[in-house]
Amino acid sequence: PKCGHRTLVRHGYNGGKQRYFCTNCHRHSVLPKALRSTSPKSLYEEYVKSKQTLSELAERHGLSVSTVQRRIRQVHTTRIVSKYKEVVILMDATYWGKNFGVLLIVDAYRKRLLWRKFLDKKETIADYLEGIEWLREHKFKILGIVCDGLWGLPQALARYKVQYCQFHQVKTVDEYLTKNPQTDAGKELQKIAHLLCHTDKESFIGMLDMWYEKWGEWLKHRTLDKNTGKKTYTHRRVRSAYFSMKRHMKWLWTFYDYPEPPIPNTNNTLEAINTDLKTKLRVHNGMSKRYRKLFIDEYFKLKYK
């Protein structure tokens, strides 16, 4: 401003330009055009990377909130295909409520987004296969896949080296057993499950087999349901936790059986990306679905180039 002071506050508009009032010399002024003209791209980068709200951007650049909105709407993101064609990929979906989510396929070592699909409902195997097919069409060579526990997904990807995320397996066991199991069998099984990410294949399988030798007959106990007249397993949740690990055992140790190329044993890298994305989106609560999609595309383009 002409007065040279930095003690300015916003004070209405004059001819469509934001006026400022200096609390030091009590003069009104308009910021120079050089400070007011901000490109849509640079505004959007601040919006995405620096977690600036619309009102904060308007205050910082001497613009109205509607002007900031209009310039941000001018940004059109473009998807860039990675030049690195031999990849180990991480796949998972994350959600904001029941009606909006995004399925991501990320390069495990370069943290580069390779493919994404916005979802209006729970993801399916077909959604994952669509992403795999897109990678194949763009000449990617998939050396390994790390995925979560969607029923039937590892079988659908049988032509690849599939690693079932060990972290997701432990979470599944905890969901069945709760954080505080009430039976001795459940407590012992949970301790074994929590060693999954910290031991080797032979030791883990040995511990699980010893547990079943001890509690196998106990798992077969049945109770008569007086309402239906049918017998059901008495300890269904413990059974489900045990057989979940047995069912996925073939894919829990792919990284161990095939050390080259190295395949991560968890999806934790992708989980960290999803957490950071949700943190940034939380700053902009109330964003429409259209601009949320734009934000997500820009986030990956700017942060994981």
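This passage looks at two helix pairs, one cysteine and a set of salt bridges in a predicted model.

Helices α7 and α8 make a good place to start. Helix α7 covers residues 166-177 and helix α8 covers residues 184-194, and the two pack at an angle of about 165° with their axes 10 Å apart. With angles over 145 degrees counted as roughly antiparallel, that makes α7 roughly antiparallel to α8. The crossing of α7 past α8 is left-handed. On the α7 side, V170, V173, D174 and L177 make the contact, and on the α8 side the partners are G186, L189, Q190, A193 and H194. Sorted by class, the contact of α7 with α8 comes to five nonpolar residues, three polar ones and one charged one.

Next comes C197, which sits in the loop between α8 and α9, the latter spanning 201-219. Its relative accessible area is 32%, so C197 is partly exposed. The C-alpha atom of C197 is 8.8 Å from that of V170, although 27 residues separate the two along the chain. V170 has already come up as one of the α7 residues in the contact with α8. Leaving aside residues up to four places away in sequence, C197 touches Q166, F167, N265 and T266.

The second helix pair is α9 and α10. These helices pack at an angle of about 140°, and their axes are 12 Å apart. As with the previous pair, the handedness can be given: α9 and α10 cross in a left-handed way. From α9, the contact draws on F204, I205, L208, D209, W211, Y212, W218 and L219, while α10 brings in V238, R239, Y242, M245, K246 and M249. The class split for the contact of α9 with α10 is 11 nonpolar, no polar and three charged residues.

Two of the residues in that contact, D209 and K246, also pair up with each other in a salt bridge, where the closest N and O atoms are 3.9 Å apart. K246 belongs to helix α10 (residues 236-252) and D209 to helix α9, so this pair ties together parts that lie 37 residues apart in sequence. K246 is partly exposed, with a relative accessible area of 38%, and D209 is partly exposed too, at 32%.

Helix α9 takes part in another salt bridge, this time with α8: E188 of α8 and K214 of α9 are 26 residues apart in the chain, and their closest N and O atoms are 3.0 Å apart. Here the accessibility classes are not alike. E188 has a relative accessible area of 28% and is partly exposed, whereas K214, at 53%, counts as exposed.

Altogether, the model has 12 salt bridges. Among them is one between the side chains of E130 and K117, with an N to O distance of 2.8 Å. E130 lies in helix α5 (residues 125-137) and K117 in strand β6 (residues 113-119), so to speak a helix-to-strand link, and 13 residues separate the pair. Both ends are partly exposed: E130 has a relative accessibility of 38%, and K117 has one of 22%. D127 joins in as well, since K117, D127 and E130 are linked in a network of salt bridges.

Key. Residues numbered from 1 in each chain as written. Predicted model: local features only at pLDDT ≥ 70, side-chain atom pairs only at ≥ 80, totals over all residues. Heavy atoms only, no water. Axes fitted to C-alpha atoms, helices over the stretch in contact; angles between N-to-C directions. Helix = DSSP H or I, 4+ residues; strand = E, 2+ residues; numbered from the N terminus. Parallel < 35°, antiparallel > 145°, perpendicular 65-115°, else oblique. Left-handed = near helix turned anticlockwise from the far one by under 90°. Contact = heavy atoms within 4.5 Å. Nonpolar A, V, L, I, M, F, W, Y, C, P; charged D, E, K, R; others polar. Buried < 20%, exposed > 50% of the residue type's maximum accessible area, 1.4 Å probe, protein only. Salt bridge = Lys/Arg side-chain N within 4 Å of Asp/Glu carboxyl O.
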